[in-house]
Amino acid sequence: MFLALALAAEGSASASVAAWLGALGALWSSAWAMPGTSAGKTSPLGLCVAALAIWIAGSNFFANPSYTPAAPYHAAFLFGGYLFGLRAVSERGRIYATGLAFGVALAGWALWQQISQGEQRAHGLFITPAALAAALNLLLVPGLVLVALGERRWSLVAALSMLTIALAASLSRGGWLALLAAGGIAFVFARRARLTMSPPGVPIVAAVLLLGCGAGWLLNMTMESTALGASVATTQPAASFHSRLELYALAVSGIRWPDVMLGNGYQSFYYLLETGREAVPSYTGKATYFVHDDYLQTLLELGIPGLAGLLLLVIVPFRQCWRAIPAASPGEQRALVAVIAAIASMAIHALADFPFFIPFCILMYCVALGLLDASCSLTRSEELRLPNYFVPPAPARRIVVAAVGTIAAWILLVPAAAEAAAAYAEKQWRAANGERAAYWFEVARRLDPRDWRYHWYAGQFWTAQAQARGDPASARLADTALAAAQAANSREVRPLYSRILLHTRLRKVLANPVDAQTLRAWAAHAAELAPTDPGVLAGKARVFEQFPVEGGK
């Protein structure tokens with residue numbers, strides 16, 4: 001489990017398919033090693049998780065003009081985390097302890113990184129402090145709830161203090177608002193269960209929060225005093241709020257009928273931002289894949305079905321817990337309150353940031369969903385009873401499970417194999433082994449032809465070969481690969497820009513270079529895809545200067 005969390009966190013920062021696959025493999029190994037088994041029931045929450053996972057992967061494969069391998073892996077973290085939580089319910093104490101140990105390591109790394117590199121905000125393994133805050137809250141909130149309800153272990157208090165310091169050092173206002181709101185929701189559910197707050201526990205929680213805030217504040221003041229530029233405390237909140245409003249307005253402008261039924265495609269907001277940067281001046285020179293409101297981004301990218309699925313993953317757990325918690329034993333009630341508080345922290349944080357698009361957070365959230373679903377089934381039956389004619393016989397169920405598992409494995413393994421082939425090809429290219437590099441670049445783009453990157457990598461390689469040797473065959477292969485990259489993702493400007501360079505700089509090498517009119521059309525389209533990119537605009541100017549319109553028009 002620890003390894004799965006570490007690889008998921010690494011993959012959240014690097015967007016590495018290999019890291020994602022390793023995390024899922026470690027998660028499966030951990031589940032397989034557990035003595036318990038999942039309940040084997042069909043619950044409403046389980047159907048919601050499965051439906052959203054299928055919609056993410058299916059819409060990406062069949063309806064996304066800018067296909068991304070991130071979509072099936074995020075869907076796998078969604079469903080895999082839920083299944084792991086179902087199986088781990090009897091070991092939830094050990095699971096939380098493992099997660100907490102990883103959280104302490106993550107917090108320690110973030111603080112050391114901030115101090116050693118003089119950074120103003122802690123972010124740890126993640127790219128942004130907001131992602132760190134969301135990840136920490138998923139572990140911090142349930143621990144604080146357990147202490148408030150009577151847990152007495154000082155090792156837990158020490159670990160929570162470490163997490164609180166890192167949360168404060170992240171300077172994530174969304175993280176703190178989510179923490180406070182989750183605490184309020186935990187209090188409501190504790191009242192529903194007729195649980196009383198422990199007299200020593202509440203002061204301990206208050207002390208942990210005050211200690212964390214104080215230590216984090218001192219650390220940030222120290223970092224701020226040694227950093228150049230404006231004060232984080234006085235300038236960042238207003239600027240960040242204004243920036244979010246710009247992102248929200250841009251996302252809303254991209255939601256159009258009838259595209260809203262299927263969505264614009266997973267992670268398509270990046271391309272909407274590229275074409276609409278004039279509406280978001282605060283992001284000049286910066287890039288982001290996130291709207292900073294997961295619900296709005298889900299509506300934009302996955303349409304109404306995707307938003308409905310995400311809302312069900314937020315609403316159904318609250319309904320389930322609300323119904324089951326009165327009949328549970330006191331120990332089970334405390335566990336349910338802790339888990340629902342963790343779920344609430346991420347659901348609320350998603351209103352102002354992007355935890356539902358971070359693999360680590362998706363995994364942790366869905367593990368919590370599985371734990372909650374399994375715990376509720378122990379106290380109150382949440383099984384969805386289907387009519388007999390909908391329930392296939394056992395042999396048919398096994399065949400269906402085997403078929404679905406095979407398809408899922410194929411969908412996940414193909415991008416990983418393509419990434420490995422491309423990485424090996426790049427290594428051979430750096431080692432000046434052109435023949436091997438050419439072979440593996442071509443293998444990569446044939447393994448996953450929907451992914452534009454591997455066509456583009458091959459196009460860059462063949463372009464370099466054509467430049468170095470003046471080889472028409474290499475120039476033709478470069479043009480073919482870059483054209484395939486364009487076809488795979490018409491929203492991405494880099495293949496088009498590379499093709500423009502190929503047809504302007506190597507016209508004498510190409511057997512059939514495009515005419516001047518086509519080049520001007522390409523340059524104009526590239527400027528539409530990236531209207532503020534200096535390189536693209538300079539390239540357009542060069543094309544129109546080198547190939548002017550006849551008659552000066």
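## Val-260 and its surroundings

A residue is called buried here when its relative accessible area is under 20%. Val-260 comes in at 11%, so it counts as buried. Keep in mind that this is a predicted model.

So where does Val-260 sit? Its place is the loop that runs between helix H10 (232-253) and helix H11 (269-275). Leaving aside residues up to four places away in sequence, Val-260 touches Ile-255, Leu-299, Gly-303 and Ile-304. Take Ile-304 from that list: 44 residues separate it from Val-260 in sequence, yet the two C-alpha atoms are 6.2 Å apart in space.

The loop between H10 and H11 has another feature to look at. Pro-258 has its place there too, and the peptide bond leading into Pro-258 from Trp-257 is cis, with omega near 5°.

## Salt bridges

Side chains of opposite charge can pair when their charged atoms come close. How many salt bridges turn up in the whole structure? The search finds 12.

One of them brings together the side chains of Arg-92 and Glu-332, at 2.7 Å from N to O. Arg-92 belongs to helix H5 (residues 92-117) and Glu-332 to helix H13 (residues 330-349), so this pair ties together parts that are 240 residues apart in sequence. The two partners have their own accessibility values: Arg-92 is partly exposed, with a relative accessible area of 23%, while Glu-332 has 12% relative accessibility and counts as buried. The cut-off at 20% falls between those two values, which is why the labels are not alike.

Another salt bridge links the side chains of Arg-277 and Glu-274, again with an N to O distance of 2.7 Å. Here both residues are buried.

Then there is Glu-442 with Arg-445, whose side chains meet in a salt bridge at 2.9 Å, N to O. Both residues are in helix H16 (residues 434-447), 3 residues apart, or about one turn of the helix. Both are buried as well. Arg-446 joins in too: salt bridges with shared partners connect Glu-442, Arg-445 and Arg-446 into one network.

## Helix H8 and a nonpolar patch

Over on the surface, five residues make up a nonpolar patch: Phe-187, Val-188, Met-197, Val-202 and Trp-322. Together they offer about 420 Å² of accessible area. Val-188 lies in helix H8 and, with 42% relative accessibility, counts as partly exposed.

Gly-184 is also found in helix H8, which covers residues 173-192. Is Gly-184 buried or partly exposed? Its relative accessibility is 35%, so the label is partly exposed. For a sense of distance across the model, compare Gly-184 with Thr-68: these residues are 116 apart along the chain, and 38 Å separates their C-alpha atoms.

## Space inside

Rolling a probe the size of a water molecule over the atoms shows where empty space is left. In this structure there are 2 cavities of 30 Å³ or more. The largest cavity has a volume of about 150 Å³. Of the 13 residues lining it, those closest to the centre are Leu-52, Ile-56, Tyr-266, Leu-310 and Phe-356.

Which helices supply at least two residues of the lining of the largest cavity? They are helix H3 (44-63), helix H4 (70-87) and helix H12 (294-324). H12 gives the most, with 5 residues.

## Two loop residues with positive phi

A couple of backbone angles are worth a look. His-292 is not a glycine, yet its phi is positive, at about 70°. This residue has its place in the loop between H11 and H12, and with 8% relative accessibility His-292 counts as buried.

Ala-432 is the other case: its phi is near 65°, also a positive value in a residue other than glycine. You'll find Ala-432 in the loop between helix H15 (394-430) and H16. Is Ala-432 buried or exposed? At 72% relative accessibility, Ala-432 counts as exposed, whereas His-292 counts as buried.

Notes:
Residues numbered from 1 in each chain as written. Predicted model: local features only at pLDDT ≥ 70, side-chain atom pairs only at ≥ 80, totals over all residues. Heavy atoms only, no water. Helix = DSSP H or I, 4+ residues; strand = E, 2+ residues; numbered from the N terminus. Buried < 20%, exposed > 50% of the residue type's maximum accessible area, 1.4 Å probe, protein only. Salt bridge = Lys/Arg side-chain N within 4 Å of Asp/Glu carboxyl O. Patch = residues over 30% accessible without salt bridge, like charges linked within 9 Å, V, L, I, M, F, W, Y side chains within 5 Å. Areas by Shrake-Rupley, 256 points an atom, 1.4 Å probe, with all protein chains shown as cover. Contact = heavy atoms within 4.5 Å. 1 Å grid on protein atoms, 1.4 Å probe; cavity = no way out; pocket = protein on both sides within 12 Å on 5 of 7 lines; lining within 4 Å. Points joined across faces, edges and corners; volume = space filled by probe spheres on them.
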